[in-house]
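Work through the exercises below with the structure open beside the text. Each task is followed by a solution in steps.

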Amino acid sequence: MSIWNDILGLFPILNLSSIILIAIVLKTILKKSELAIFYISIFGLIVSLMSGVLLFEERRSAFSDMILVGGYANYFIILIALIGILFLLQTYQFIKSFTNYSEYLILSLSAILGMMVMSASIDLVTIFIGLELMSISFYILAGFNRTDVRSNESSLKYFLLGAFATGFFLYGIALVYGATGSTNLLMISQIQSEAVKVPIYIIGFVLLLIGFGFKVAAVPFHMWVPDVYEGAPTLSTSIMATGGKIAAFSSFMLAFSIPLSMHLKSLTIVVAILAASSMIVGNIFGLAQKSLKRMLAYSSIAHAGYMLVGMASGTQTGREGIAFYLMSYALTNLGAFGVIIFLENKKENLTYENIAGLGKTQPFAASMLAIFMISLIGIPPFAGFIGKYYLFLSAIEQNMTWLAIIGVVTSVVSLYYYLRVVVYIYFKESEIDFTIEKSKTTFASLLVSAALILFFGIVPSLILRYTHILM
C-alpha cells in the first residue's frame, strides 16, 4: 500500500512525464502534430497544477525519503506548472512559423519536468537528476535557432559553463556523502552539528554552493547570463529566466536552510557576500545596457542577489520572502519577456530606441511592459514590493542591516534602467512602426501575469499564509 501512496504523492510529476511520452508518440504518428501536442501539453500542466493543489496538505516524504510530497514541494510544483502554462500560451503565436514547433514543446515540457523534480527532491541525487534534465533541455532550447550564429554561440557557452558547474556540483555531492554516509538532506540535517566539524564536509558544501550559485546566476558565477539570454531565442530566455530560477532556488534553499539556520558565521558571511555582489554588479551593469534582453539579464543577476539576502539571514522570514519573491519575480519576468516576444515579430534584440513611442502605437503592450517594470523595481501595489520587504526585513532581524541597506540602495539604482523603459514608451517619439500579429493566447498570458502580480501585491496574505508553513 505504501508504494501506491508514494505514486499518488508523485502524481503531478508522473502525469507530466506521461504527457511528454504521449507527445513524443503523437509526433511520430501524426504529420501535423503541432496543435495536438500544444493542447495536450496545456492539459497536462493544468492537471499537474490541480493535483498539486489537492495534494498540498499531505506534507510527507515518498520513495525512501527521496521526494517530498505536499507543502514545500507542491508550492513550487504549482508555481512551475502555472509558469509553464503561461509560457506555452506565449509560444502559440509561433505554431506556424516554428519549423520544429512540436520538438520545441517537448523540450520545454522536459525542462519543466526537470524543474518539478528539483523542487520536490529531498536527496542530492534526485536534485542532480532534475537539474540535468532541466539543463540539457535548456542547452538545446538556447540553440534552437540553428541558422542563427548568436543562438549557437549562446548554446555552446551555456553548455560548456554548465558542464563545468555540474562537475563542481557532483564532486560536492561525493564529498558530502563521504563525510556523512548519505546524500539524503533529511538524514544530513540530523547530524549537521557534527558534520560541520569535518573538513571534507565543508569542502563538499562549498562545491555545492558553487554549483547552485551558477544555476541561480549569482556573482561571480554569472558571466554566462547576459550572452545566453541575449543570444537564445526570446521564448527560450523566458522560461530559463523564470522556471529555471524557481527550480534552482527551491533546491538551493532546501539544501542550505538547515546550515544557515544554525547561523554558521563563515557560511552566512559567504552567502551574504554573494548577495551583496550580485545586487551591486547586476544593477550597475544593468545601467549600461541598450538591449532590453541584456538589461533583463543583469536584472536577473540583481534579483538573485535580493533572494540571497533571505538565504543569508537563515530565518523563517527569509525563506517566506524567497518563496513569495520567486512567485512575484517569475510572473513579472515572464510577462516582461512575453511583451518582448510580442514586439519582436521576427526581429531580435529590441533596444530602448526601438520601443520609443510604443504607448501610442501599441498601447496594450506598452501598458503591460510598464506594469512589469514597476513591479521589478518593487513599487507598491505590485507583488515585487512585498517580496523585497520580507527579504530586507529578514536581514534586519539577523543584525545584517548593512545587507538590507545595500539592497535598498541598489534598488534605487535600478530605478534608472527600469523607468527608462517607461520614459521611452510614453515620452519619446516612435522611430519604427510595429506591425504585430494579434495573438489572443499571448494577450491572455500577459493579462494573467499582470493581474496576479497586482492581486498578490494588494492581498499578499493569500500567498504568505502558505509560505509561512512551508518549512
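**Exercise 1.** Which residues in H18 are buried?

Solution. The model is a predicted one. Step 1: locate helix H18, which covers residues 383–397 and has 15 residues. Step 2: go through the helix and pick out the residues under 20% relative accessible area, the cut-off for buried. Step 3: in H18, the buried residues are Ala-383, Gly-384, Ile-386, Gly-387, Lys-388, Leu-391, Phe-392, Ser-394 and Ala-395. Step 4: look for the cover over these buried residues; it includes helices H14 (292–313), H15 (316–344) and H17 (363–377), as well as H19 (401–427), H20 (440–458) and H21 (461–467). Step 5: check what follows the helix; after H18 comes Asn-399, with a positive phi near 60 degrees.

**Exercise 2.** Compare the end-to-end reach of H18 and of H4 with the span expected at 1.5 Å a residue.

Solution. Step 1: from its first C-alpha to its last, H18 reaches 22 Å. Step 2: the expected figure for H18 is 21 Å, and the reach is close to it. Step 3: helix H4 (residues 71–91) has 21 residues and should therefore span 30 Å. Step 4: the end C-alpha atoms of H4 are 30 Å apart, which agrees. Step 5: add the burial of H4; the helix is mostly covered, with 20 of its 21 residues buried.

**Exercise 3.** Determine whether Ile-13 is buried or exposed, and list its contacts beyond its sequence neighbours.

Solution. Step 1: place the residue; Ile-13 is in helix H2, residues 11–29. Step 2: its relative accessible area is 7%, so Ile-13 is buried. Step 3: setting aside neighbours within four places in sequence, Ile-13 contacts Ile-77, Leu-113, Met-116, Val-117 and Ala-120. Step 4: for a distance check, take Leu-86, which is 73 residues from Ile-13 along the chain; their C-alpha atoms are separated by 18 Å.

**Exercise 4.** Describe the surroundings of Ser-251 and Ile-127.

Solution. Step 1: Ser-251 belongs to helix H12 (residues 234–261), and Ile-127 to helix H6 (residues 124–142). Step 2: Ser-251 has a relative accessible area of 0% and is therefore buried. Step 3: Ile-127 also counts as buried, because its relative accessibility is 0%. Step 4: apart from neighbours within four places, Ser-251 is in contact with Met-118, Ser-119, Ile-127 and Phe-212. Step 5: with residues up to four places away left out, Ile-127 touches Met-118, Ser-121, Phe-169, Leu-185, Phe-212 and Ser-251. Step 6: for a distance check, the C-alpha atoms of Ile-127 and Val-271 are 20 Å apart, with their positions 144 residues apart along the chain.

**Exercise 5.** Summarise the protein chain as a whole, from its secondary structure to its surface.

Solution. Step 1: the protein chain has 21 helices and two strands. Step 2: a compact globule of 471 residues would have a radius of gyration near 23 Å, and the 21 Å of the protein chain agrees. Step 3: along its principal axes, the C-alpha trace spans about 65 × 55 × 40 Å. Step 4: 62% of the 471 residues count as buried. Step 5: among contacts with a separation of 6 or more, 79% join residues 24 or more positions apart. Step 6: the chain exposes about 17700 Å², of which carbon and sulfur atoms supply 70%. Step 7: the 26 positive and 22 negative charges have mean positions 5 Å apart.

Key: Residues are numbered from 1 along each chain as its sequence is written. This is a predicted model: local features need pLDDT of at least 70, side-chain atom pairs count only at pLDDT 80 or more; totals for chains, interfaces and linings use all residues. Side-chain values use heavy atoms; hydrogens and water are left out. Helices (H or I, at least four residues) and strands (E, at least two) are DSSP runs, numbered from the N terminus. The radius of gyration is taken over C-alpha atoms; the globule rule is 2.2 Å times the number of residues to the power 0.38. Buried means under 20% relative accessible area, exposed over 50%, partly exposed in between (1.4 Å probe, protein chains only). Contact means heavy atoms within 4.5 Å. Accessible areas come from the Shrake-Rupley method with a 1.4 Å probe; for residues, only the protein chains shown count as cover. Lys and Arg count as positive and Asp and Glu as negative; His and the chain ends are not counted. The place of a charge is taken as NZ of Lys, CZ of Arg, CG of Asp or CD of Glu. The expected span of a helix is 1.5 Å times one less than its number of residues.
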